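Hello,

Here is the structure we talked about. Please open it alongside this message; my notes follow below.

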Amino acid sequence: MGSATAYFLTESPSFDGRVLVVEPDPTYARASTTLSAASIRHQFSNPINIALSQAGTEFIQSFHELVEVNGEAPALGFRDTGYLFLATEAGMPALRRTHKVQRAAGAEVALLSPDEIGRRFQYMNTDGLAGGSLGLKHEGTLDANSFMQGYRQRARHNGAEYVKDRVVGLEVEGGKVQAARLAGGGQVGCDWLINCAGPAAAGVAAMAGLELPVEPRVRSIFVFDCRAQIAQEMPLTIDVTGVHLRREPPYFLAGGVPREDVAVDGDDFAVRREEFEEQVWPSVANRVPMFQEIGLKNCWAGHYAYNTLDQNAVIGPAEEVPNFIFANGFSGHGMQQSAGVGRGVSELVVFGQYRTLDLAELGYDRIGRGAPFTEEAII
Ligand SMILES: Cc1cc2nc3c(=O)[nH]c(=O)nc-3n(C[C@H](O)[C@H](O)[C@H](O)COP(=O)(O)OP(=O)(O)OC[C@H]3O[C@@H](n4cnc5c(N)ncnc54)[C@H](O)[C@@H]3O)c2cc1C
C-alpha cells in the first residue's frame, strides 16, 4: 500500500510535493504483501470491492508500461485461472445474490450446477455441492513481490525517497500531524501522513490518538505436491469448508481460517501445522480425491491486517486529524486492491477528494459509528 500510494502520488502531474516511504525492513520478509497468496478475484458481494479489484486488473494488464524504468519491469507472471466458489444448498442463496451484483458490476462470472462442475473439472468430487460460481476472466494469481517492486521502482524513479527506519511517534498539534518521529532518532515534518503499516496499523493510529480495530491474525499457507497430475488448469477453489486451494506449478497451495482465530503478537510467524492435518488436508483430499496422497513441501505464516469490525479496508482521513489518512485493514484482499486504493489516496492528497472511484463507503467514520461495511465474500 505504501509503494502503491507513492507510485500514484509521484505519477500525478498535479502533485508537486515530496514523498517519503518509511520502511523498517526493505527485504519485506514479514510484510503481508510478500507472504500473501497473491491472487486477484472479481467475486465480491459489494460493488466497491469489485470495482477495486477491477482497478487491480487494469493495472495488471498494463503493468509493464506503467512501472517500467529504462524498459525494465519485474515479471508479474499473472495466470488467468479464475476462482471457483463452491456452495452447499445452504450457501446457494448468497451465491445467487452475489452473482447478480457481480454481473451488474461487469464481472465475467458464471453459476455452475454440480454436474457442470464435475464435467468441467473432472478431478473434483462434487458430493455435497449444490453449485459453484466460476470467474471466467481476469481472476488468478501473480507474483506479489514483483507487483510491489514494480510500484516501488517507478516511485523511486519518479523521486520518492525510501528510508530504512520505523515511525515510533507522531507530533500532533492543532488537529494535524506535524511530524513523524523515527526510531533512528530523526523527525520528519509532513503535510500528510498515510498509514500503510499493514498488520501494525493500529499502533501507528494510536500515535495520533486514533483508535483502529485492526489486528494481526495468522494465516498459514501450505505447499504440497502430488504425484498424480491434473492435466488441466485449476481455478483457485474455495471449498464449502472455507479452505482455499490453487495450483502453483509444479506444486499446489492451500490454506484456511484457523479454528482459534485470534490476534497474535506482531512477531509470531509460527505456522499452525495442526491446521494442515486437521483442516486443510482433509478438506482438499475430500474435494480432490487424488490429494489423498500428497507430500507437504513447504509452509509459511503471514499476518492478515484484520479489521475486527467487518474485515474490510479502512480508507481515507480521520475527521479528528484530517491529514492522517488510513490505508489499512485489508485482510486477504489488499494486494488486488492496491492500485485502486493507492490511486484513491493520492487523489485525496492532490485534489482533496476522490476523482475515479468513490471510496467513502470504506471510510474511517464507520468505525466510530460501529457501522460495519458488509462484504459476504471474505476469505
Ligand atoms: C497469508 C496471506 C494471504 C493473502 N492472500 C491475498 C490474496 O490472495 N490476494 C490479495 O489481494 N491479498 C492477499 N493478502 C493480503 C495482502 O497481502 C495485503 O492486504 C496487501 O499486500 C497490502 O499489504 P499492506 O501494504 O497493507 O501491508 P504489508 O505488506 O504488511 O506492509 C506494511 C509495511 O509497513 C511496515 N511497517 C510496520 N510498522 C511500521 C512503522 N511503525 N513504521 C514504518 N513502517 C512500518 C512493515 O515493515 C511492512 O513492510 C494476503 C495476506 C496474507 C498474510
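In this predicted model, 20 residues of domain 1 are in contact with 15 residues of domain 2. On the domain 1 side of that contact, the residues divide by class into nine nonpolar, nine polar and two charged. Domain 1 is made of three segments of chain, 3-37 + 144-213 + 310-369, while domain 2 is the stretch 215-307. Their centres, taken over C-alpha atoms, are separated by 29 Å.

Next, the ligand. Where does it lie? Domain 1 and domain 2 both give residues to the shell around the ligand, so the ligand lies between them. The shell holds 35 residues. The closest are Thr-33, Ser-36, Gly-198, Gly-302 and Gly-334. Three elements give two or more residues to this shell: β12 (214-225), β16 (295-307) and α9. Strand β16 gives the most, with four residues. By class, the shell has 19 nonpolar, 12 polar and four charged residues.

The largest nonpolar core has 97 residues. Which of them touch the most other members? They are Ala-201, Ile-315 and Ala-327. Helix α2 (residues 47-61) gives the most to this core, with seven residues. Both domains give residues to the core, so the core, too, lies between domain 1 and domain 2.

Take Ala-327 as an example. Leaving out residues up to four places away in sequence, Ala-327 touches Met-1, Thr-5, Ile-194, Asn-195, Cys-196, Ile-315, Val-341 and Val-345. One of these partners, Ile-315, is itself among the core residues that touch the most other members.

Now look at helix α1 (residues 2-11). Nine of its 10 residues are buried, so α1 is largely enclosed by the rest of the structure. The buried ones are Gly-2, Ser-3, Ala-4, Thr-5, Ala-6, Tyr-7, Phe-8, Leu-9 and Thr-10. What covers them? The cover includes β1 (20-22), α6 (144-157), β11 (193-195), β18 (324-328) and α9 (334-351). Thr-5 of this helix is among the residues that Ala-327 touches. Helix α9 also turns up in the shell around the ligand, where it gives two or more residues.

Ala-180 is worth a stop as well. Its place is in strand β9 (residues 176-182). Is Ala-180 buried or exposed? It has 23 other C-beta atoms within 10 Å, so it is buried; the cut-off is 20 or more. Not counting residues up to four places away in sequence, Ala-180 touches Val-22, Val-167, Leu-170, Val-188, Cys-190 and Leu-193. Arg-166 is 14 residues from Ala-180 along the chain, and their C-alpha atoms are separated by 9.5 Å.

Some backbone points to check. Most residues other than glycine have a negative phi, and most peptide bonds are trans. Three places here depart from that.

- Pro-249 and Pro-250 are joined by a cis peptide bond, with omega about 5°. Pro-250 has its place in the loop between β14 (244-248) and β15 (251-255).
- Tyr-28 has a positive phi, near 55°. Its place is in the loop between β1 and β2 (39-40). Tyr-28 has 17 other C-beta atoms within 10 Å and is partly exposed.
- Gln-311 has a positive phi too, near 60°. It sits in the loop between β16 and β17 (314-317). Gln-311 has 22 C-beta neighbours inside 10 Å and counts as buried.

Last, the overall picture. The protein has 10 helices and 18 strands. Its C-alpha trace spans about 60 × 45 × 40 Å along the principal axes. What is the radius of gyration? The protein has 21 Å. A compact globule of 379 residues would have a value near 21 Å, so the two agree. Buried residues make up 46% of the 379 residues. Of the contacts with a separation of 6 or more, 74% are between residues 24 or more positions apart.

Best wishes

Technical notes
Residues are numbered from 1 along each chain as its sequence is written. This is a predicted model: local features need pLDDT of at least 70, side-chain atom pairs count only at pLDDT 80 or more; totals for chains, interfaces and linings use all residues. The radius of gyration is taken over C-alpha atoms; the globule rule is 2.2 Å times the number of residues to the power 0.38. A residue is buried if 20 or more other C-beta atoms lie within 10 Å of its own, exposed if 12 or fewer, and partly exposed in between; C-beta atoms are placed from the backbone. Two residues are in contact if their C-beta atoms, placed from the backbone, lie within 7 Å. A residue is near a molecule or strand if its C-beta atom, placed from the backbone, lies within 6 Å of it. Ala, Val, Leu, Ile, Met, Phe, Trp, Tyr, Cys and Pro count as nonpolar, Asp, Glu, Lys and Arg as charged, and the others, Gly among them, as polar. Domain bounds come from an automatic or database domain assignment. A nonpolar core is a set of buried Ala, Val, Leu, Ile, Met, Phe, Trp, Tyr and Cys residues joined through C-beta atoms within 7 Å.
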